[in-house]
Amino acid sequence: EEWEEKGAAVGVRQETDVNGRPVLKHVKKGVKDFHFGRTLGEGSYSTVIAATDRQTGKEYAIKVLDKRHIIKEKKVKYVNIEKDTLNRLTDHPGVVRLYYTFQDEQSLYFVLDLASSGELLGVLKQMTTFDEECTRFYGAEILDTIDYMHARGVIHRDLKPENVLLDDQMHVKITDFGTAKILDQPKKPPRDHEDGGPETGSPMDGADVNRAKSFVGTAEYVSPELLTDKQACKASDLWAFGCIIYQLLAGRPPFKAGNEYLTFQKIVNLEYQFPKGFPAVAKDLVERLLVLDPARRLSVEHIKNHQFFDSVTWGRGLWRQKVPQLK
Ligand code: ADE
């Protein structure tokens, strides 16, 4: 069947054998092992619900997907992409971790890290703008996570402040890998700007009208190469990163117009401006990221070495530090 499970995640439960001796039994987790609570979010194909593991008390976010709806709308491929990418990205604090998957007759379930402070977009809207220190911190955590994803052969392709979640300590957790691209050779020495070749499943693929439609309202972060060549590469995530840095400091994304088409026109014409008072060093960084030719965009290493991130100590320490107070 379509949803057959390979190497499914298991839990461990202690039981007693015929002689009364304790044995550890591997048991696959299922719906009954969780207490479902409040709804965290609703998408077109899924609902995310806060849930508690009845055995451990640990809290999770469980993404529930309706099988019939997904099959009817031809989204099986995207659900599998999400599961496969998350299963590759289990070793970094900046990615929402997938702990278990299971299913019942009606639904698929992805048991994920709970990011209890919600979307970066929501926090930004409350603050209006971030100061340089907060932008540097959140920018650094996002970039460190992009670096990890790319090293593991994954291009996200839909980075935006809605997909950057925050946990209870206000650290970053990137989510929504349903439109990610897995590169063929994940572990070869990183070369900048390489990609997996021509796309058939890009988010803007004309053959997938619904996918294109689902981009209405989030067109603001799409890279010019996706619009002109229908091709995404690692550098496409860094275009989106440039848009996010701009947005944190300016309070709005750089390319925004009355409709999707006009937004796309602005993107391919590099039509944007900095508001008065935008910090000069950050402006220099954004100008080197919002470059039409992906091959000429700054690489992750060059971004890390840019003056804007001078005071950042890269690596796991970022994730242990106390986060700067939003003001
Ligand atoms: N909304 C979508 N995914 C979520 C998650 N993992 N945690 C909290 N809210 C979410």
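This report walks through the fold of a predicted model, from the overall picture down to a few single residues.

## The chain at a glance

Let's start with the big picture. The chain has 327 residues, and 36% of them count as buried. Its secondary structure adds up to 11 helices and 12 strands. If you take the contacts between residues at least 6 apart in sequence, 64% of them join residues at least 24 apart.

## The five-stranded sheet

One open sheet is built from 5 strands in the order 3-4-5-7-6, with antiparallel pairing. Strand 3 (34–42) and strand 6 sit at the edges, each pairing on one side only. On average, neighbouring strands here are turned by 25 degrees against each other, ignoring direction.

For a look inside this sheet, take strand 4 (residues 46–53), which pairs with strand 5 in the antiparallel sense over 7 bridges. Across that pairing, isoleucine 49 stands opposite isoleucine 62 of strand 5. Keep Ile62 in mind, as it turns up again in the core.

## Helix 2 and its buried face

Helix 2 covers residues 76–88, and its length checks out: at 1.5 Å a residue, its 13 residues should span 18 Å, and the end C-alpha atoms are 19 Å apart, which agrees.

Its buried residues are Tyr78, Val79, Glu82, Thr85 and Leu86. Seen down the helix axis, they fall within an arc of 135 degrees, so they line one face of helix 2. That fits a general point: an α-helix has 3.6 residues a turn, so residues three or four places apart point the same way. What do the buried residues of helix 2 pack against? Their partners are strand 5 (59–66), helix 1 (67–72), strand 6 (98–103), strand 7 (107–112), strand 9 (154–155) and strand 12 (181–182).

## The three-stranded sheet

There is also an open sheet of 3 strands, ordered 8-10-11 and paired in the antiparallel sense. Its edges are strand 8 (118–119) and strand 11 (172–174), each of which pairs on one side only. Strand 10 (residues 164–166) is joined to strand 11 by 3 bridges, again antiparallel, and leucine 166 stands opposite valine 172 in strand 11.

Helix 4 (residues 132–151) packs on this sheet, where it touches strand 10 and strand 11. The direction of helix 4 makes about 40 degrees with that of strand 11.

## The nonpolar core

Nonpolar side chains tend to be buried together in soluble globular proteins. Here, the largest nonpolar core has 67 residues, and the members touching the most others are Ile62, Tyr138, Ile142, Phe241, Ile244, Ile245 and Leu289. Helix 7 (residues 234–250) supplies the largest share of this core, with 11 residues.

Which residues does isoleucine 245 contact, once its neighbours within four places in sequence are left aside? The list is Thr135, Gly139, Ala282, Leu285 and Val286.

## Two residues with positive phi

Most residues other than glycine have a negative phi. Arginine 157 goes the other way, with a positive phi of about 75 degrees. You'll find arginine 157 in the loop between strand 9 and strand 10. Is arginine 157 buried or exposed? It is buried, with 25 other C-beta atoms within 10 Å.

Methionine 170 is another non-glycine residue with a positive phi, of about 70 degrees. Its place is in the loop between strand 10 and strand 11. Methionine 170 has 19 other C-beta atoms within 10 Å, so it counts as partly exposed, since a buried residue needs 20 or more.

Notes. Residues numbered from 1 in each chain as written. Predicted model: local features only at pLDDT ≥ 70, side-chain atom pairs only at ≥ 80, totals over all residues. Pairing = 2+ DSSP bridges. Helix = DSSP H or I, 4+ residues; strand = E, 2+ residues; numbered from the N terminus. Contact = placed C-beta atoms within 7 Å. Axes fitted to C-alpha atoms, helices over the stretch in contact; angles between N-to-C directions. Expected span 1.5 Å × (residues − 1). Buried ≥ 20, exposed ≤ 12 C-beta atoms within 10 Å, placed from the backbone. Arc of directions from axis to C-beta. Core = buried A, V, L, I, M, F, W, Y, C linked by C-beta atoms within 7 Å.
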